[in-house]
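Before reading on, please take a moment to look over the sequence and the structure, and keep both at hand while you follow the report.

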Amino acid sequence: MARALRLAERGLATTQPNPRVGCVIAHGDEVVGEGWHERAGEPHAEVFALRAAAERARGATAYVTLEPCAHFGRTPPCADALIAAGVARVVAACADPNPKVDGGGFARLRAAGIAVEVGLLAEAARELNRGFFARLERGRPWLRVKQALSLDGRTALANGASQWISGTAARADVQRWRARSSAILTGSGTVLADDPRLTVRLAEGTAFVPPLRVVLDRTLRTPRGARVLDPGAPTLILHAPDAVRPAHFGDVEYRPIELRDGRLDLDAVLRLLAARGVNEVQVEAGPTLCGALADAGLVDEWLLYISPIFLGDRARPLLALPPLDALAQARRLRVIDRRAVGDDWRLLLRE
């Protein structure tokens, strides 16, 4: 199963909106076939593993990181393929929360006389697909906030200048996190201040699905010529219901979102993205939007790059949050991962 999980990771940036899945087929300790889901719309992990095993799949055990599907989508059911190949036993890390599957794959396998075991390395399998599980189980994507900051917790100078706080290695690392994301979310303030592209820039030949660029722009003030409107990746502009769409948006998609307390309803934003099949959202924005997401309890994890510089107390803060009356009110985060990236430190934090 550990090998199947490593195989599944190869689809980290290519399977959106599908989950990342790996499969290993073995007779005892001898592996006879393996595969992973490479791209949405193409064969699933089990199919590749069965092709590699050929006749040796008969009587074997299939280790798969997610319940085999039991419905016809863009590909036939994997449960049927396992049955037809004569597999004797299926060991799955966890069930598929997709209502079209959700136990149906296991039921079909058992009805065919195949032994089924569930739960091996389940936590690791869920972690690999945390966005997929978040979208299907709670109706909104996994949301990660990425920020670069100084040692004194500042993200930009008082005049808004922030390029570049982090070093070259950290900025390259961010591209890999973008590549695994289904969408990159920002606000119109960041578009006006930094004119970001919000595209994935990796080595030539690296496979990935371009993340959807999402701009929260209540009054549709994104200017003509903004790089986020370039055709390098799809763009979605979310705005207030009464905003008037300017002609320079061209073919960019735009949708109205209801307001809450004079701002776009952030929960509604995330539910709209979930309905579009978005699993993981990476937020790259300023302290106002990041603070609002944190205050609403919508942030699942923080990806912070801490640079060994000081910007001073007049520089812009990490988050715009309501003041606290006591330290006991402070939100404590867990350190999931910490490592040096060039001259910077990268922290991955969760509640």
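The report below moves from a sheet and its helices to a pair of strands, the nonpolar cores and one arginine.

The model shown here is predicted, and a good place to begin is its open sheet of nine strands, which follow one another in the order S11-S10-S9-S8-S14-S6-S15-S18-S17 with mixed pairing. Strand S11 (253–256) and strand S17 (334–341) stand at the edges, and because each has a single partner strand, one side of each is left without a neighbour in the sheet. Averaged over this sheet, and with direction ignored, neighbouring strands are turned by 20° against each other.

Within the sheet, strand S6 (residues 142–150) and strand S14 (residues 280–283) run parallel and are joined by four bridges, and Leu 143 has Val 281 in S14 as its bridge partner. Helix H9 (residues 266–275) packs on the sheet, where it touches S6, S9, S10, S11 and S14, while helix H7 (residues 168–179) lies across S6, S8, S14, S15, S17 and S18. The table gives the direction of each helix against one strand.

| Helix | Strand | Angle between directions |
|---|---|---|
| H7 (residues 168–179) | S15 (301–307) | about 165° |
| H9 (residues 266–275) | S9 (212–216) | about 160° |

Another parallel pair is made by strand S4 (residues 89–92) and strand S5 (residues 115–118), which four bridges join, with Val 91 standing opposite Glu 117 in S5. To get from S4 to S5 the chain passes through helix H4 (residues 104–111), and this β-α-β crossover is right-handed.

Turning to the nonpolar interior, the largest core has 38 residues, of which Ile 25, Val 87 and Val 90 touch the most other members. Apart from its neighbours within four places in sequence, Val 87 is in contact with Leu 50, Ala 57, Gly 59, Ala 60, Ala 62, Leu 82 and Ile 114. A second core, separate from this one, has 34 residues, including Ala 183, Leu 273, Leu 289 and Ala 292.

Is Arg 20, a residue in the loop between helix H1 (2–8) and strand S1 (22–27), buried or exposed? Arg 20 has a relative accessible area of 8%, and because buried means under 20%, this residue counts as buried. Its side chain reaches the backbone oxygen of Leu 12 at 3.0 Å, and a polar atom of the side chain of Arg 20 also lies 3.0 Å from the backbone oxygen of Arg 180. Beyond residues up to four places away in sequence, Arg 20 touches several others, among them Thr 65, Leu 128, Asn 129 and Glu 280.

Note on methods:
Residues numbered from 1 in each chain as written. Predicted model: local features only at pLDDT ≥ 70, side-chain atom pairs only at ≥ 80, totals over all residues. Heavy atoms only, no water. Buried < 20%, exposed > 50% of the residue type's maximum accessible area, 1.4 Å probe, protein only. Polar contact = N/O pair within 3.5 Å; in protein donor to acceptor, adjacent residues only side chain to side chain. Contact = heavy atoms within 4.5 Å. Pairing = 2+ DSSP bridges. Helix = DSSP H or I, 4+ residues; strand = E, 2+ residues; numbered from the N terminus. Right-handed = clockwise from strand over helix to strand, strands pointing away. Axes fitted to C-alpha atoms, helices over the stretch in contact; angles between N-to-C directions. Core = buried A, V, L, I, M, F, W, Y, C linked by side-chain atoms within 4.5 Å.
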